[in-house]
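Biologist: Could you take me through the charged pairs in this one, slowly and residue by residue? I'd also like to hear what sits around them.

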Amino acid sequence: MRESASGPGATALLLVRVVALALAASMILSAVLPNSHAAYAQNIPVKITVSKGGSTAGSPYYTIKVKVTNPKDSGYSIQSVSLSLAGQEISKHKAPKGWMATAAATTAAEKSQKDEVSFSAKAPLRSGAAATFEIGSPSPIYAFKWSVLGKGNKDNNSSSSYFDSGTKSTNISWPSKDIQRNFKWIFEGEEWTWNPTFSKSLYDYYRNRQRPPTEDYSVYVTDPYDDKLISGLVDKIKEVAAERKWDDWQTINFMISFVQSLPYTSDNVTTPFDEYPRYPIETLVDNGGDCEDTSILTAELITKLGYRAILINPPGHMAVGVSCSDCEGTYYQYGDRNYFYLETTGEGWEIGRVPDEYRQAEANMFPLVARPLITFEWRSELKDYDDYYATYRILVTIKNGGSAAAENLRAWTAFDAAEEEGRVWEQITTDPVDLEADGTYQWEITLSPPRGKYTRLHVQVYGDNFNPVESRSDWFRT
């Protein structure tokens, strides 16, 4: 069974599997108090570090070394480690002593392309030990996905197993092929040109990124991996402004005149999607986009120039608001600041000028603050039952599509009791973890509610710096 955090009811499989269960004895109910649950879910707090590997002269591949450390107090032995590059070929891999490696394709579309390698342990990695694995690719590696499978140590009297996974940024500057672009625009009657080169590997990295499920596009602005690229463009704008002795008004209008010169393109024409927000490098390399794309690019340029900015969202449109002392015209008040309207599509729109169709419209405003964006899904299956209890295996997969790590993230899972609202038959809470931006994490747990009771599976994910998200199945009898 599969159900997402937004709750599209997918409990049919669970109901079919448990409908034949008989009545059973009852058990004592416990209170639902998510912030005070005992943290006794299984967890492998492995530490993943990465460094640049070696290369062979004449070989066009890039190699990284991935070190997996199993903490002394984990209570688990690591049986296998999997590393994958989303849609990117693995041309080389190396297992440490005592491990075997098997490369495989993760998608049916590219059976010949090996983009995942699994390392299996002949001698499991015990608590307190570490192992280093190598993978190489013809393209620079900016991020990779990892997973580990562990089993309880005999000395801890545990026979349980656990699966854990995530995404890791390499933060390595690779030499790479470049994409050349030539831009030309007019400002104050003068023609300007900019002929930049962009890293193809960085562009491909963003092109392969999953689009975050949100209407708040600030996550695209605050994503950190393109900071060096945008800062390079901003430095050129600052040089021109200093040379011409421009004030804030002229500097911002110069920047926006460049963005407005980019062609307007619709997502359903230039991509396979009806709605496809672009990260800034995509808009630059693709030479244009729609209002969301140019607003995302403008907002990041504005903030890198040193100004406060927000995204302004009138119905069916997107624009930018900038806070500056020399600006005038139409502004929106957000917090204790005035943000002057910036139209990013169509040439000739200066600061504070608003198209007539949006002048009287109500608008949503989004601050540019890096934040986590948490979604999750879960699957459940009946594993065993006796005269008194039914045991379910539950796999919770949590994704952070935001631009900041989720702090002290926990997953609380319970079987609600139909007899009394706010009570549960059984509950469990995972240990807290920090889930990095663009990361994925999984927990596998088992719960055993009593037989013959009306219940539903209830999952809630919460943490220190994001709003809780939750999902419930339909009611059923165990």
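Modeller: Here is a walk through the salt bridges, followed by the helix, the sheet and the cysteines. Keep in mind that this is a predicted model, so every value below is computed from it.

Let's begin with the overall tally: the structure holds 17 salt bridges. The background is simple enough: side chains of opposite charge can pair when their charged atoms come close.

A nice one to start with is K200 and D204, whose closest N and O atoms are 2.7 Å apart. Both residues belong to helix α2 (residues 200-207), and because they are 4 residues apart there, about one helical turn separates them. That fits the usual geometry: an α-helix has 3.6 residues a turn, so residues three or four places apart point the same way. As for solvent, K200 counts as partly exposed at 36% relative accessibility, and D204 is also partly exposed, at 28%.

While we're on α2, have a look at its other residues. The buried ones are S201, L202, Y203, Y205 and Y206. Which elements cover them? Among them are β10 (143-152), β12 (178-180), β15 (197-199) and α7 (280-285). There's a neat detail at the start of the helix too: a side-chain oxygen of S199 comes to within 3.1 Å of the backbone nitrogen of L202. So L202 turns up twice, because it is one of the buried residues of α2 and also the residue whose backbone nitrogen S199 reaches.

Next, a pair that spans two strands. E381 forms a salt bridge with R393, with 3.2 Å between the closest N and O atoms. This pair links distant parts of the chain, E381 sitting in strand β21 (residues 374-385) and R393 in strand β22 (residues 390-400), 12 residues apart. E381 is partly exposed, with a relative accessible area of 23%, and R393 is partly exposed as well, at 24%.

R393 has another partner worth a glance. The side chain of E444 makes a polar contact with the side chain of R393, at 3.1 Å. E444 comes from strand β26 (residues 439-447). Is E444 buried or exposed? At 18% relative accessibility, E444 counts as buried, because the cut-off for buried is under 20%.

Then there's R456, which forms a salt bridge with D416, the closest N and O atoms being 2.9 Å apart. R456 lies in strand β27 (residues 454-462) and D416 in strand β23 (residues 406-417), so this pair ties together parts that are 40 residues apart in sequence. The acid of this pair, D416, is buried, with a relative accessible area of 7%.

Beyond these pairs, you'll find a network of salt bridges linking R207, R211, R278, E282, D286 and D293. Two of the elements already mentioned come back here: R207 falls within the range of α2 (residues 200-207), and E282 falls within that of α7 (280-285).

Now for a change of scene, the sheet. Five strands, in the order β7-β8-β5-β10-β11, form an open sheet with antiparallel pairing. Its edge strands are β7 (99-104) and β11 (161-169), each of which pairs on one side only. On average, neighbouring strands of this sheet are turned by 20° against each other, direction ignored. Note that β10 belongs to this sheet and is also among the elements covering the buried residues of α2.

Zooming in on one edge, β7 and strand β8 (residues 116-125) pair in the antiparallel sense over 6 bridges. As general background, strands of a sheet pair through backbone hydrogen bonds, either parallel or antiparallel. In this pairing, the bridge partner of W99 in β8 is A121. The C-alpha atoms of A121 and M100 are separated by 6.4 Å, with the two residues 21 apart along the chain. Leaving aside residues up to four places away in sequence, A121 touches I78, Q79, G98 and W99.

Last, the cysteines. How many disulfides does a search of the whole structure find? It finds 1 disulfide, formed by C324 and C327, with their sulfur atoms 1.5 Å apart. C324 is buried, with a relative accessible area of 11%, and C327 counts as buried at 10%. Another cysteine, C291, is buried too, with a relative accessible area of 6%.

Conventions:
Residues are numbered from 1 along each chain as its sequence is written. This is a predicted model: local features need pLDDT of at least 70, side-chain atom pairs count only at pLDDT 80 or more; totals for chains, interfaces and linings use all residues. Side-chain values use heavy atoms; hydrogens and water are left out. A salt bridge is a side-chain nitrogen of Lys or Arg within 4 Å of a carboxyl oxygen of Asp or Glu. Buried means under 20% relative accessible area, exposed over 50%, partly exposed in between (1.4 Å probe, protein chains only). A disulfide is a pair of cysteine sulfur atoms within 2.5 Å. Two strands pair if DSSP finds at least two bridges between them. Axes are lines fitted to C-alpha atoms, for helices over the stretch in contact, and angles run from 0 to 180 degrees between N-to-C directions. A polar contact is a pair of N or O atoms within 3.5 Å; within protein, one must be able to donate a hydrogen and the other to accept it, and residues adjacent in sequence count only if both atoms are side-chain atoms. Contact means heavy atoms within 4.5 Å.
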